[in-house]
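Where does a folded chain leave empty space, and what lines that space? Please look over the sequence and the model below with this topic in mind.

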Amino acid sequence: MKTIPFLDLKKPHQDLREELTQAFHQVLDSGWFIHGQQCLEFEKEYAAYCGTKHCIGVGNGLEALHLILRAYGITAGDEVIVPSNTYIASWLAVSTTGATPVPVEPVAGTYNIDPTLIEASITSRTKAIMAVHLYGQVADMDAINALAKKYSLKVIEDAAQSQGATDKGRRAGTLGDAAGHSFYPGKNLGALGDAGAITTNDDALADKLRMLRNYGSQIKYKNEIKGYNSRLDELQAALLRVKLHKLDHWNDRRKVLAHQYLTGLKAITSLTLPTVATGQNPVWHVFVVRHPQRDALQKHLQDAGIGTVIHYPIPPHLQTAYQELNYGEGTFPISEAIHREIISLPLDPYMSDEEVQLVITTVRAFCAV
């Protein structure tokens, strides 16, 4: 029986083995492993790719978001608007500052935060809106930015899943005041370990972030503010530089495969497919569908040798970690329904057309029964 993994992380590295090995030896031979030339060059290249003035490399995506909030002075007693439908890291970034995450429901079709519901959750304590570009599609940033301007709020993009995605031709990472990026290995642009970055056009913010990531210091042993240790190391920066050149190619392939899924599964009435908002060009970090018998569908695919993942089985407000907020079941029904029914089908830029068609055929067979 042919098996189709959810994501094969060996193939891209086999494809780039020679270039990655060369990059590794460049770092090894340099004898410089933290805040060296590789990090500086990656920051320049990724800022240019996104279309921002600044890129600040950090340890991971969660720390990227946390440091942005810290740099803006968000602290205990403050509130930050977050999606109710997201990975818990978006909420944790707020909590690590002492502030309170305030959830807002998503648009069911795109899975991203619904701007029409945000205003009702804004209070005198609200300091920022965190817009998550979930599953590789950009949130409705025009509407979010308009609200933020009306209430003098900061807009922070959680761009962890959207490297290369655009909204009306503008790339994720350029659409708010600052953006946090994750280069976790499974991302569209993934390191060979944990890594992250922040992009912004705000000069003063960028200067503060460079201090915050490095113990509050611009000059060694001179600490101007209380900072953290969150630095993009030279090895990960060098490897990311190699992979950045392939990102658009990989994203283009993801779009082809997503189109095949959308076309091949559209006639199935029991299956809910993702929708793409006008002006959006998603990069399909994952391809998420909904089915009322999700668990049975997952088992059917598993039995056929097809890997799947559920992104995510429990919404943040129902996690034990946030029980102090007293959000009971039924508080956010749209998110809860999504989390009960979603399943991510395999979508890997190294998948063949035949493999995608096999997934489609297997899903059809289940839904026909």
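The paragraphs that follow go through the pockets, then the cavities, and end with one histidine.

The model is a predicted one, and the volumes and linings described here are computed from its atoms. Rolling a probe the size of a water molecule over the atoms shows where empty space is left.

Among the open spaces, the largest pocket holds about 550 Å³, and of the 30 residues that line this pocket, Y87, Q161, Y184, K187 and Y312 are the closest to its centre. At least two residues of the lining come from each of α4 (61–71), α5 (89–95) and β8 (178–182), and by class the lining consists of 14 nonpolar, 12 polar and four charged residues.

The second largest pocket encloses about 370 Å³, with 16 lining residues, of which H35, N214, S217, Q218 and K220 lie closest to the centre. Here the elements that contribute two or more residues are α7 (203–212) and β10 (217–219), while the lining divides into six nonpolar, five polar and five charged residues.

Turning to enclosed space, a search of the whole structure yields two cavities of 30 Å³ or more. The largest cavity has about 130 Å³ of space, and among its 16 lining residues those closest to the centre are L9, P12, K187, N188 and R254. K187 is thus named for the centre of this cavity as well as for that of the largest pocket. Two or more lining residues are given to the largest cavity by α1 (10–15) and by α9 (247–265), and its lining is made up of seven nonpolar, four polar and five charged residues.

The second largest cavity, at about 80 Å³, is lined by 13 residues, with Y135, Q137, P274, W284 and V286 nearest its centre. Nine of the lining residues of this second cavity are nonpolar and four are polar, with no charged residue in the lining.

Finally, consider H317, which sits in the loop between α10 (294–303) and α11 (333–341). Is H317 buried or exposed? H317 counts as buried because its relative accessibility is 2%, where the cut-off for that class is under 20%. The side chain of H317 forms a polar contact of 2.8 Å with the side chain of E336. When neighbours within four places in sequence are left aside, the residues in contact with H317 are W91, Y327, G328, T331, F332 and E336, so that E336 appears both in this list and as the polar partner of the histidine side chain.

Note on methods: Residues are numbered from 1 along each chain as its sequence is written. This is a predicted model: local features need pLDDT of at least 70, side-chain atom pairs count only at pLDDT 80 or more; totals for chains, interfaces and linings use all residues. Side-chain values use heavy atoms; hydrogens and water are left out. On a 1 Å grid over the protein atoms alone, a cavity is a set of points where a 1.4 Å probe fits but cannot get out, and a pocket is an open set with protein on both sides within 12 Å along at least five of seven lines; lining residues have an atom within 4 Å of a point. Grid points are joined across faces, edges and corners, and a volume is the space filled by probe spheres set on the points. Helices (H or I, at least four residues) and strands (E, at least two) are DSSP runs, numbered from the N terminus. Ala, Val, Leu, Ile, Met, Phe, Trp, Tyr, Cys and Pro count as nonpolar, Asp, Glu, Lys and Arg as charged, and the others, Gly among them, as polar. Buried means under 20% relative accessible area, exposed over 50%, partly exposed in between (1.4 Å probe, protein chains only). A polar contact is a pair of N or O atoms within 3.5 Å; within protein, one must be able to donate a hydrogen and the other to accept it, and residues adjacent in sequence count only if both atoms are side-chain atoms. Contact means heavy atoms within 4.5 Å.
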